Amino acid sequence: MKLRTIAVVRNGVKETPRDWDKIKSELIFKDEFVKGLYKLNHFRHICVIFGFHRSRTTVLRVHPRRDPSKPQVGVFASRSPTRPNKIGLSRVRLISVKGNVVTVRGLDAFDGSPVFDVKP
């Protein structure tokens, strides 16, 4: 399977914030995919499938939220980006759709992350 980037995340986030729920992000879609946004604005939430483009390692046991006081869990029982396949999935609040820009709140992706798909 080969994934194609359909959009890129723009939010200025370079380091993990204290609360991702407060982060507003713009998904800047490539022109060739803008027609696919038709009527997306009818939904309150969407799922965004994106790439952990800064994650280079795979760790199979992690401390939740990188907090060493919490017992380790398997990476598949966590939201850690240190996964075998660097794919993220987040359900986010849809704020607006204007042209090739989809604005959302709560996306836990860094600035520049590739977007592979969105679903209502």
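**View 1. The strand pattern of the chain.** Read from start to end, the protein chain of this predicted model runs β-β-β-β-β-β-β-β. It holds eight strands and zero helices. The radius of gyration is 15 Å, close to the 14 Å that the globule rule gives for 120 residues, so the chain is as compact as a globular protein of that length. The C-alpha trace spans about 45 × 35 × 25 Å along its principal axes.

**View 2. Inside and outside.** Of the 120 residues in the protein chain, 37% are buried. The chain exposes about 8,100 Å². Carbon and sulfur atoms supply 52% of that exposed area. Now take the contacts between residues at least 6 apart in sequence: 72% of them join residues at least 24 apart.

**View 3. The largest pocket.** Rolling a probe the size of a water molecule over the atoms shows where empty space is left. The largest pocket contains about 970 Å³ of space. Its lining is made up of 34 residues. Closest to the pocket centre are Thr 16, Trp 20, Arg 79, Pro 81 and Asp 108.

**View 4. Strands at the pocket lining.** Two elements give two or more residues to the lining of the largest pocket: strand S3 (45–51) and strand S6 (87–98). S6 provides the largest share, three residues.

**View 5. Residue classes around the pocket.** The lining of the largest pocket mixes three classes. Polar residues number 12, and charged residues also number 12. Nonpolar residues make up the other 10.

Methods. Residues numbered from 1 in each chain as written. Predicted model: local features only at pLDDT ≥ 70, side-chain atom pairs only at ≥ 80, totals over all residues. Heavy atoms only, no water. 1 Å grid on protein atoms, 1.4 Å probe; cavity = no way out; pocket = protein on both sides within 12 Å on 5 of 7 lines; lining within 4 Å. Points joined across faces, edges and corners; volume = space filled by probe spheres on them. Helix = DSSP H or I, 4+ residues; strand = E, 2+ residues; numbered from the N terminus. Nonpolar A, V, L, I, M, F, W, Y, C, P; charged D, E, K, R; others polar. Rg over C-alpha atoms; globule rule 2.2 N^0.38 Å. Buried < 20%, exposed > 50% of the residue type's maximum accessible area, 1.4 Å probe, protein only. Contact = heavy atoms within 4.5 Å. Areas by Shrake-Rupley, 256 points an atom, 1.4 Å probe, with all protein chains shown as cover.
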